[in-house]
Structure formats: structure tokens, C-alpha cells
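Work through these short exercises on backbone geometry. Try each task before you read its solution.

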Amino acid sequence: MIQHEREPRILITRMSAFGDCILTLPMACALRERFPNALIVWAVEPLSLPTMNLHSCIDETIPVPKRWLKSPRAVRTLRRRLRALQLDIVIDPQSLTKSASLAWISGAKRRIGFAAPRGREMAPWLNTELVTADVRHLVDASLRLLRPIGIRAPEVRFDVPVDPAGLEVSQQFLKE
């Protein structure tokens with residue numbers, strides 16, 4: 001586990017849809033650029049976990065099982081793990097009930113998510129700061145969520161990590 005002296009302590013709750021996770025990576029890059037000493041944690045479902053684990057701007061990942069909200073044991077386990085991180089800010093680019101609920105149980109005082117209509121289900125009620133996404137593209141909309149913490153026009157970088165084992169398999173495939 002990462003030391004808690006790093007500040008601020010930030011959680012990103014983009015849990016599902018591998019492509020959406022990739023399109024949210026510029027948020028992690030912008031946070032690292034603005035807060036080089038921050039603890040940046042990403043809560044993610046198993047499919048995207050390996051990629052997020054390799055990203056240079058992400059210090060720690062929290063695996064979130066599918067349908068976690070329907071399991072009291074999973075809720076307790078996640079709550080305990082998130083509360084131990086003593087998070088300052090949660091940024092909720094997914095802005096659905098499952099991601100906003102995770103933000104809420106984290107205990108973070110600042111929970112930034114989308115206002116309706118991009119913020120759906122219970123998310124607008126669970127997040128403490130709502131941002132109107134006045135742009136269509138997911139990358140641009142996600143970066144709008146950083147405005148309340150002083151990040152206005154960040155450079156869009158993905159820094160998609162490359163798994164060395166996967167690269168080797170791909171290169172071998174191309175040779176054949």
C-alpha cells in the first residue's frame with residue numbers, strides 16, 4: 001500500500017468499459033501533472049485492472065467486483081479499503097449509481113461528478129460537486145471534472161502502458 005503522506009489523496013471511479021477507461025486516462029495524466037506528489041488511486045472492474053496497474057500516473061488500483069453493490073460483504077470490504085486511504089477527493093467520470101456510491105462510501109468530503117443529464121441515476125445526489133459537461137467527447141467531458149480543483153486546460157495525454165509480455169506475443173504474431 002502507498003504511504004498516506006502523499007497529498008492530495010485522489011480516487012478516480014471509472015470502473016467499467018475498457019474503452020471508457022482508456023479515454024479517461026488523460027484525467028490521471030492531468031492530475032499527476034498538477035499534483036506530482038498526490039496519491040492517485042483508480043477503482044476499476046477486473047477487465048481493465050491490468051492496464052490501470054501498469055499506468056505510470058496511477059499509484060494504486062482498487063479492484064471492484066461486478067455487482068458489488070448487491071453484496072454486503074463486497075460493500076464492507078471496499079468501504080474498509082477506501083476509508084484506510086483517507087481520501088481527500090473522488091472524481092467520478094462514470095457518474096452512475098455504482099461509481100457515485102463507491103465515492104460516497106470512501107468517506108471523501110469532495111466528490112466531483114457530472115450534473116444531469118450526463119450524471120445519471122443517483123449520482124447527482126451522491127456527489128457533492130456537480131459539473132455540467134458542455135462538450136460531447138468523453139475525453140473532454142472527463143477533463144471538465146478537474147475544473148473544481150484548478151485544472152482548466154490540461155494537455156491531453158494518454159500514456160497508455162504497454163505490457164512487455166503482450167508486446168512480445170504481438171511481435172511474434174506479426175513475424176509469423
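Buried means under 20% relative accessible area, exposed means over 50%, and partly exposed lies in between (1.4 Å probe, protein chains only). This is a predicted model: local features need pLDDT of at least 70, side-chain atom pairs count only at pLDDT 80 or more, and totals for chains, interfaces and linings use all residues. Residues are numbered from 1 along each chain as its sequence is written, and side-chain values use heavy atoms, with hydrogens and water left out.

**Exercise 1.** Find what kind of peptide bond joins Glu7 and Pro8, and place Pro8.

Solution.
- Step 1: read omega, which is about -15 degrees between Glu7 and Pro8.
- Step 2: name the bond, which is cis.
- Step 3: place Pro8 in the segment before strand E1 (9–12). Strands (E, at least two residues) and helices (H or I, at least four) are DSSP runs, numbered from the N terminus.

**Exercise 2.** Do likewise for Ala116 and Pro117.

Solution.
- Step 1: omega is about 10 degrees, and the bond is cis.
- Step 2: Pro117 sits in the loop between strand E5 (110–114) and helix H5 (123–126).

**Exercise 3.** Give the phi of Ala17, then its location and exposure.

Solution.
- Step 1: phi is near 65 degrees, a positive value, and Ala17 is not a glycine.
- Step 2: Ala17 lies in the loop between E1 and helix H1 (18–34).
- Step 3: Ala17 has a relative accessible area of 39%, so Ala17 is partly exposed.

**Exercise 4.** Is Glu121 buried or exposed? Start from its phi.

Solution.
- Step 1: Glu121, not a glycine, has a positive phi of about 55 degrees.
- Step 2: the loop between E5 and H5 holds Glu121.
- Step 3: the relative accessible area of Glu121 is 51%, so Glu121 is exposed.
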